[in-house]
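Student: I am new to this structure and would like a close look at a single part of it. Could you take me through that part slowly, and then through what lies around it?

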Amino acid sequence: MSSLALTPFKAGLFVGKGIIVTGGGTGLGYAIAKELVSLGAKVVIAARRIDVLEAAASELNKSSQRGGKIYVCQCNVRNEDDIQKLVTFALETMGRIDGLVNNAGGQFVSPVENISARGFKAVVETNLLSCFMLSKEIYNRWWSLQEDSKTSGSIVNIILANKNGFPMMAHSGAARAGVENLTKSMALEWIGRGVRVNCVAPGIIYTESGFANYGEMAGAFLSSVLPCIPAHRCGTAEEVSSLVVFLLSDAAVYITGQNMGVDGGMGQGTIPLRPQDHGASLLPVYGELPMKARL
Ligand SMILES: CCCCCCCCC/C=C/C(=O)SCCNC(=O)CCNC(=O)[C@H](O)C(C)(C)COP(=O)(O)OP(=O)(O)OC[C@H]1O[C@@H](n2cnc3c(N)ncnc32)[C@H](O)[C@@H]1OP(=O)(O)O
Ligand SMILES: NC(=O)C1=CN([C@@H]2O[C@H](COP(=O)(O)OP(=O)(O)OC[C@H]3O[C@@H](n4cnc5c(N)ncnc54)[C@H](OP(=O)(O)O)[C@@H]3O)[C@@H](O)[C@H]2O)C=CC1
């Protein structure tokens, strides 16, 4: 499914650690779980489709080194009961939780005016509520109970490069902006307990599973946006994973409350969708615009 991890980390850096990766059966989550298990971590991957998780686990376990192991847990991250069961499962199987990657997420393509309230809510629940519920559940049931604040925890929230909004996916842009702000609040509230919280904002990362959600639109989308990405290419899942794994590790012990882009030079800006032709409706109010300054 994916190539070798890029990490330069010491083998065994995560030996004995327990990490939860939501959406870990496909795409970015799969690459993150693969890198972690090859560094010796125990990893619970969680998502809705148990068959996909089980197939991923049997592949991922082939990359295991130094006691690393993948466990699977079916979980709809929009559902609070499922979140509680996931944390119970993780504590029972791994005996501890050192890291959480809130990676499960997604959205559908629609102009704002066509999104129903139910659709907006579904996307906010998937991307923002889930992150709040799972982070809080682990904090209350594990990190807040540790006497030794050196027993640190690290949360990495996967968002989107959408600093300037996210046309055609406005619900997701709003939810991810919420995650970024929630990240900063949790980082400040929980620093005394040794819990760090950061965001990673991927630009356009080619994952087969992610792009499959968009059908034929994906090809047209890619050919229109690629020239606008300074790197002139998509990123890969491994290029995101190496930053996520760094942030999970003790090498990042002084980093919290940050949002870091992996976006080929887009500066976490907006995915460069070309606006539809609209006849330049925002004409200047004062004076004439020279013809050459219009499309
Ligand atoms: C420009 C090109 C870019 C091309 C691609 C560019 C991508 C670049 C960057 C981003 C990449 C990625 O994020 S890659 C990751 C992509 N992966 C995913 O998106 C997978 C996860 N997404 C989802 O599961 C769904 O989108 C999500 C809405 C969140 C949950 O869907 P569910 O079916 O479980 O939700 P439900 O609760 O059943 O449905 C609730 C409501 O959601 C609405 N709804 C759900 N799907 C809908 C749809 N396709 N179109 C309209 N409306 C929809 C309906 O109003 C439903 O109400 P009713 O009608 O009343 O029932
Ligand atoms: N690829 C890209 O260009 C970018 C991706 N991202 C974000 O990165 C993350 C991973 O994306 P990517 O790997 O590309 O795409 P995928 O579609 O492969 O990953 C999404 C994962 O989330 C899981 N998921 C979705 N909804 C739920 C839910 N309600 N409960 C539990 N799990 C859920 C899916 O599993 P299942 O369906 O089995 O539940 C799937 O494993 C997403 O949050 C995505 O929005 C951000 C920027 C760019």
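Student: Which element supplies the largest share of the shell around ligand 1?

Tutor: Please keep in mind throughout that this is a predicted model. The element you are asking about is α4, which contributes five residues to the shell around ligand 1, the largest share of that shell. Helix α4 covers residues 117-141, and together with α7, which covers residues 217-225, it belongs to the elements that each supply at least two residues of this shell. There are 20 residues around ligand 1, and those that come nearest are G106, F108, G119, A122 and G210. When the shell around ligand 1 is sorted by class, 11 of its residues are nonpolar, eight are polar and one is charged.

From the ligand we can turn to the helices that pack against α4. Helix α5, made of residues 170-190, packs with α4 at an angle of about 15°, and the two axes are 8 Å apart. Because angles under 35 degrees count as roughly parallel, that angle makes α4 roughly parallel to α5. The crossing of these two helices, α4 and α5, is right-handed. On the α4 side, the residues that meet α5 include G119, F120, V123 and V124, and further ones are N127, L128, C131, F132, S135 and Y139. On the α5 side, the residues that meet α4 are H171, S172, A175, R176, G178, V179, L182, M186 and W190. Sorted by class, the contact of α4 with α5 has 12 nonpolar residues, six polar ones and one charged one. G119 thus appears twice in this account, as one of the residues that come nearest to ligand 1 and as one of the α4 residues that meet α5.

Another partner of α4 is α3, and here the axes come within 10 Å and cross at roughly 40°. That angle makes α3 oblique to α4, and the crossing of α3 and α4 is right-handed. The contact is made by E80, I83, Q84 and V87 from α3, and by M133, L134, E137, I138 and R141 from α4. By class, the contact of α3 with α4 holds five nonpolar residues, one polar residue and three charged residues.

Helix α3 also leads us to the sheet, so it helps to describe the sheet before returning to the helix. Seven strands form an open sheet in the order β3-β2-β1-β4-β5-β6-β7, with parallel pairing. Its edge strands are β3, residues 69-74, and β7, residues 259-262, each of which pairs on one side only. From one strand to the next the twist averages 20°. Within this sheet, strand β1 (residues 18-22) pairs in the parallel sense with strand β4 (residues 99-102) over three bridges, and I19 has G99 in β4 as its bridge partner. Helix α2, residues 50-60, packs on the sheet and touches β2 (42-47) and β3, with a direction that makes about 180° with that of β3. Helix α3, residues 80-94, packs on the sheet as well, touching β1, β2 and β3, and its direction makes about 155° with that of β2.

Finally, ligand 2 can be looked at in the manner used for ligand 1. There are 29 residues around ligand 2, and G23, G27, R48, G105 and G210 come nearest. G210 is therefore among the residues listed as nearest for ligand 1 and also among those listed for ligand 2, where the cut-off for counting a residue as near is a C-beta atom within 6 Å. In the shell around ligand 2, α1 supplies the largest share, three residues, while α1 (27-38) and α6 (208-212) each supply at least two. By class, that shell has 11 nonpolar, 15 polar and three charged residues.

Note on methods:
Residues are numbered from 1 along each chain as its sequence is written. Chains are lettered from A and ligands numbered from 1 in the order in which they are written. This is a predicted model: local features need pLDDT of at least 70, side-chain atom pairs count only at pLDDT 80 or more; totals for chains, interfaces and linings use all residues. Helices (H or I, at least four residues) and strands (E, at least two) are DSSP runs, numbered from the N terminus. Ala, Val, Leu, Ile, Met, Phe, Trp, Tyr, Cys and Pro count as nonpolar, Asp, Glu, Lys and Arg as charged, and the others, Gly among them, as polar. Two strands pair if DSSP finds at least two bridges between them. Axes are lines fitted to C-alpha atoms, for helices over the stretch in contact, and angles run from 0 to 180 degrees between N-to-C directions. Two residues are in contact if their C-beta atoms, placed from the backbone, lie within 7 Å. Angles under 35 degrees count as roughly parallel, over 145 as roughly antiparallel, 65 to 115 as roughly perpendicular and the rest as oblique. A crossing is left-handed if the near helix is turned anticlockwise from the far one by less than a right angle, and right-handed if clockwise.
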